[in-house]
Structure formats: structure tokens, C-alpha cells
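Student: I am new to this structure and would be grateful for a close look at a single part. Please take the salt bridges and explain what they connect.

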Amino acid sequence: MDTFEYITALVAVVIGLAIADLATSLHRLLRNRKRVRWDWVAPLSALLILAELFNLWWRWHGFSGTTAGQVVPYFLALILIFLAACITLPDEVPADGIDLAHHFDENRRYFWFVYASYVALLIALISIRDLHNGLTARALLSRYYFDYPWLVAAYAMIFVRKRWINGIVMLASLGWLVIGLNLWGRTPDLPL
């Protein structure tokens, strides 16, 4: 077993657990739908994180790290995206019901901190790799023109209470992930 296969086993397990947590929470909400007061932002956050999990899994094929120093930052990113997946939807539906708007409001700061930290770590790792491969700071700014300002906006969302603004930022993030990063047309062997 080479280093890539060894690391990939752990990545697959953690991503699989995160997806299972999302699916289990969704199942509980749907099964107890009469006791759920639905809101669009919490399920949208789950969809965004599901797309991020798929993106990470799909791009993992291009991972080329072989040392602990190259692997540990991605391991931290994996833990962050797992935490983001766990927070998007409630784990249980109490007997007296649950309000998804209230659930998101209670967990908004935690969600945005963890999700923004995940993206910040990935962008930092990719930027460092690109600088190491000879790109200039100006070239990085032109390549990641959406990503760097997005980080500021994502961390700012920690302090924005209006759910509709949170939802719009999530929709923009999901749109960028699917369209801007060409999620549907990308091969899995691009460098991570």
C-alpha cells in the first residue's frame, strides 16, 4: 500500500461519515416532518456542505503529499468539513418538534466559523502550492479573485443575523462551487 492509498482510506471514511451524518439527520427530519417547522437556510447549508464534501472527495485523486507536513493540514481541513457537516441539520427531532430557523440561528456562528476556516485552510494550501510552483502574488489574485474576498464575507457572516443574507451567501457559494469551479466538468486528478 503506497502513501496515497494509505491516506485515502482515512479520507474516504471521514467523508463517508460526514455524508452519513447529513443523510441520517435529513432522514430524521423527513420521517418526523409533521413536528418540523421548515426553513430554507439550514437545508441549504447542508446542501452546500454536501457539495463541498463531494468536491473534496472528487479532487482527492490529485493529492500528491507524502510527508506528515503535507498531510496534516489536509487532515485538519477534513476535520473542519466534518464538523461543518455535523452542524448543518439537527441530530434529533424532539417530541415537541424543532424549528429549523431556530436551529440555524443557534448554530450560525459555529457553522460560519468552521466552514470559513475549512475554505481558508484549503485556499491557503492551494495558494502556497501555487507560489511554490512559481506563480506571483498578482497571478494568485487574478486566479482566486472570488475566493479571497469570499473569505472575508464568510467570516463576516458570523456576525450577520439575518437568515436571508446567510442564505444568499450560501447560494452564491454553492453557485461558485458548481459553476465557477466547474465541479461538473472537472476531472478528478487536478492537484489538490
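Tutor: The following account concerns the salt bridges and the parts of the chain that they link. The model is a predicted one, in which local features need pLDDT of at least 70, side-chain atom pairs count only at pLDDT 80 or more, and totals for chains, interfaces and linings use all residues. Residues are numbered from 1 along each chain as its sequence is written, and side-chain values use heavy atoms, with hydrogens and water left out.

A salt bridge here is a side-chain nitrogen of Lys or Arg within 4 Å of a carboxyl oxygen of Asp or Glu. By this rule there are 6 salt bridges. One of them pairs Asp 39 with Arg 163, at 3.3 Å from N to O. Asp 39 lies in the loop between strand 1 (36-37) and helix 2 (41-59), whereas Arg 163 belongs to helix 7 (residues 163-180), and the two are 124 residues apart. Helices (H or I, at least four residues) and strands (E, at least two) are DSSP runs, numbered from the N terminus.

Arg 163 also forms a salt bridge with Asp 105, at 2.8 Å from N to O. Asp 105 sits in helix 4 (residues 100-132), 58 residues from Arg 163 in helix 7. Through shared partners, the salt bridges join Asp 39, Asp 105 and Arg 163 into one network.

As for accessibility, buried means under 20% relative accessible area, exposed over 50%, and partly exposed in between (1.4 Å probe, protein chains only). Asp 39 is buried, at 15%; Arg 163 is partly exposed, at 26%; and Asp 105 is partly exposed, at 33%.
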